[in-house]
Amino acid sequence: KKVGRREMIRARIETDESGTPTAHRYKEQGAGILSSITASHGLVELPEDQAEVALGDLVDFFPFSEVNS
């Protein structure tokens with residue numbers, strides 16, 4: 001991702017062997033790709049000053065289940 005640009009990435013949450021929730025991004029993120037929206041659990045926010053995310057990094061996650069709450 002480009003530094004200086006905030007991005008919202010579609011992701012699903014899975015629990016690893018230790019019980020830790022892990023966000024997995026969908027490969028296809030385009031505006032016309034509805035399958036990634038219907039299969040994802042929410043959005044991961046990548047702030048302007050963050051160029052990449054490594055395994056184990058903490059991220060902000062916005063679950064779709066809370067949108068209409």
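1. Lining of the largest pocket. The residues that line the largest pocket divide into 14 nonpolar, four polar and six charged. In total, 24 residues form this lining. Those that lie nearest the centre of the pocket are A23, V44, V53, D57 and V59. Note that this is a predicted model, and every value below is computed from it.

2. Where the lining comes from. The space in the largest pocket is about 680 Å³. Three elements give two or more residues to its lining: strand 1 (7-15), strand 2 (21-25) and strand 3 (42-46). Which strand gives the most? It is strand 2, with five residues.

3. Overall make-up. The protein has one helix and four strands. Read from the N terminus, the order of the elements is β-β-α-β-β. The protein has 69 residues, and 20% of them are buried.

4. The sheet. The four strands form an open sheet, and their order in it is 2-1-3-4. The pairing in this sheet is antiparallel. Strand 2 and strand 4 (60-63) stand at the edges; each has a single partner strand, so one side of each has no neighbour in the sheet. On average, neighbouring strands of this sheet are turned by 45° against each other, with direction ignored. As a general point for the student, strands of a sheet pair through backbone hydrogen bonds, either parallel or antiparallel.

5. Strand 1 with strand 2. These two strands run antiparallel and are joined by five bridges. Three pairs of residues can be followed on the structure. T15 in strand 1 stands opposite P21 in strand 2. I13 has A23 of strand 2 as its bridge partner, and A23 is also among the residues nearest the centre of the largest pocket. A11 stands opposite R25 in strand 2.

6. The turn between them. How many residues lie between strand 1 and strand 2 in their hairpin? There are five, and G19 in the turn has a positive phi of about 90°.

7. Strand 1 with strand 3. Strand 1 also pairs with strand 3, in the antiparallel sense and over five bridges. On this side of strand 1, M8 stands opposite E45 in strand 3. The sheet order 2-1-3-4 shows the arrangement, with strand 1 placed between strand 2 and strand 3.

8. E7. This residue lies in strand 1. Is E7 buried or exposed? E7 has a relative accessible area of 15%, and because buried means under 20%, E7 counts as buried. The side chain of E7 is joined to the side chain of R5 by a polar contact of 3.4 Å.

9. G4. The segment before strand 1 holds G4. Its relative accessible area is 57%, so G4 is exposed, the cut-off being over 50%. G4 and P47 are 43 residues apart in sequence, yet their C-alpha atoms are 8.0 Å apart in space.

10. V44. This residue lies in strand 3 and is one of those nearest the centre of the largest pocket. What is the relative accessibility of V44, and how does V44 count? The value is 7%, and V44 counts as buried. V44 and F62 are 18 residues apart in sequence, and the distance between them in space is 6.4 Å, C-alpha to C-alpha.

11. F62. Strand 4 contains F62, and strand 4 is one of the edge strands of the sheet. F62 has a relative accessibility of 41% and counts as partly exposed, because that class lies between 20% and 50%. F62 and L43 are 19 residues apart in sequence and 5.1 Å apart in space, C-alpha to C-alpha.

12. A point to look for. In a regular strand the side chains alternate between the two faces of the sheet. The student can keep this in mind when viewing the strands.

Conventions:
Residues numbered from 1 in each chain as written. Predicted model: local features only at pLDDT ≥ 70, side-chain atom pairs only at ≥ 80, totals over all residues. Heavy atoms only, no water. 1 Å grid on protein atoms, 1.4 Å probe; cavity = no way out; pocket = protein on both sides within 12 Å on 5 of 7 lines; lining within 4 Å. Points joined across faces, edges and corners; volume = space filled by probe spheres on them. Nonpolar A, V, L, I, M, F, W, Y, C, P; charged D, E, K, R; others polar. Buried < 20%, exposed > 50% of the residue type's maximum accessible area, 1.4 Å probe, protein only. Polar contact = N/O pair within 3.5 Å; in protein donor to acceptor, adjacent residues only side chain to side chain. Pairing = 2+ DSSP bridges. Axes fitted to C-alpha atoms, helices over the stretch in contact; angles between N-to-C directions.
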